[in-house]
Amino acid sequence: MTLAARIVTDSTAVFLQSGHFAESVIYYPHRFGTAATPRTISAVVTRNQVATFSPDEQIVPEFEVRVANNSTTGISSEELNTGGDMIKLAVRIGETATKRSVQLLVEHDEGMLVLTCR
């Protein structure tokens, strides 16, 4: 097994386990003309303390979401639709989760995607 393959395997086995760093979120893919089924996936969510302002002067929290680059256990880079897909997560741990728009693919590799959600 190559080092790159080992890192991809370890990223899922370590970081995306709910007993370690991850939490369950619901991914809502947006597909034009086809039915897309939401699915529960594991994600590492960083809740930023600094809020951004929307054009109508509302405070909008921003989240960095790390998921496996995988269409079954996470979100594959091929299926990602920034601006259309949504992820349901809580603003604070323990609060009721709400849908947030996937705004930006910050970075990705063979193992993980890093997304910005608002």
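# Reading a buried strand and its neighbours

Reader: Let me start with one residue: where is the place of Ala22?

Author: Ala22 sits in the loop between helix H1 (3-15) and strand E1. Keep in mind as we go that this is a predicted model.

Reader: Does Ala22 count as buried or exposed?

Author: The general idea is a cut-off: a residue is called buried when its relative accessible area is under 20%. Ala22 has 8% relative accessibility, so it counts as buried. You can also look for company from elsewhere in the chain: Ile41 is 19 residues apart from Ala22, and their C-alpha atoms are separated by 9.6 Å.

Reader: What does the whole chain look like in terms of helices and strands?

Author: The protein chain has one helix and eight strands. Read from the N terminus, the order is α-β-β-β-β-β-β-β-β. Of its 118 residues, 36% are buried. As for the surface, the accessible area is about 7200 Å², and carbon and sulfur atoms account for 54% of that.

Reader: Which residues have the most contacts inside the largest nonpolar core?

Author: Here is the general idea first. In soluble globular proteins, nonpolar side chains tend to be buried together. In this structure, the largest nonpolar core holds 16 residues, and those with the most contacts within it are Val65, Val67, Ile75, Ile87 and Leu115. Strands E1 (23-28), E2 (39-47), E5 (63-68), E6 (86-89) and E8 (112-117) each give two or more residues to this core.

Reader: Let me follow Leu115. Which residues does Leu115 touch, not counting residues up to four places away in sequence?

Author: Leaving out residues up to four places away, Leu115 touches Phe63, Glu64, Val65, Val67, Ile75, Leu80, Ile87, Val102, Leu104, Leu105 and Val106. Two of these also turn up as pairing partners. Val65 has Leu115 in E8 as its bridge partner, and Leu105 stands opposite Leu115.

Reader: How many bridges join E5 to E8, and how many pair strand E7 with E8?

Author: E5 and E8 run antiparallel and are joined by six bridges. E7, residues 98-108, pairs with E8 over five bridges, again in the antiparallel sense. A hairpin of three residues links E7 to E8.

Reader: Why is E8 described as largely enclosed by the rest of the structure?

Author: To read a strand, check its two sides. In a regular strand the side chains alternate between the two faces of the sheet. In E8, one side carries Met112, Val114 and Thr116, the other carries Leu113, Leu115 and Cys117, and all of them are buried. Six of the six residues of E8 are buried, so the strand is largely enclosed by the rest of the structure.

Reader: What about loops? Where is the place of Ser76, and which residues does Ser76 touch?

Author: Ser76 lies in the loop between E5 and E6. Its relative accessibility is 8%, so Ser76 counts as buried. Beyond four places in sequence, Ser76 touches Asn69, Asn70, Ser71 and Leu113, and Leu113 is one of the buried residues of E8.

Reader: One last loop residue: with which side chain does the side chain of Glu62 make a polar contact?

Author: Find Glu62 in the loop between strand E4 (59-60) and E5. Its side chain makes a polar contact with the side chain of Arg118, at 2.7 Å. Glu62 has 17% relative accessibility, so Glu62 counts as buried.

Definitions and conventions. Residues are numbered from 1 along each chain as its sequence is written. This is a predicted model: local features need pLDDT of at least 70, side-chain atom pairs count only at pLDDT 80 or more; totals for chains, interfaces and linings use all residues. Side-chain values use heavy atoms; hydrogens and water are left out. A nonpolar core is a set of buried Ala, Val, Leu, Ile, Met, Phe, Trp, Tyr and Cys residues joined through side-chain atoms within 4.5 Å. Buried means under 20% relative accessible area, exposed over 50%, partly exposed in between (1.4 Å probe, protein chains only). Helices (H or I, at least four residues) and strands (E, at least two) are DSSP runs, numbered from the N terminus. Contact means heavy atoms within 4.5 Å. Two strands pair if DSSP finds at least two bridges between them. Accessible areas come from the Shrake-Rupley method with a 1.4 Å probe; for residues, only the protein chains shown count as cover. A polar contact is a pair of N or O atoms within 3.5 Å; within protein, one must be able to donate a hydrogen and the other to accept it, and residues adjacent in sequence count only if both atoms are side-chain atoms.
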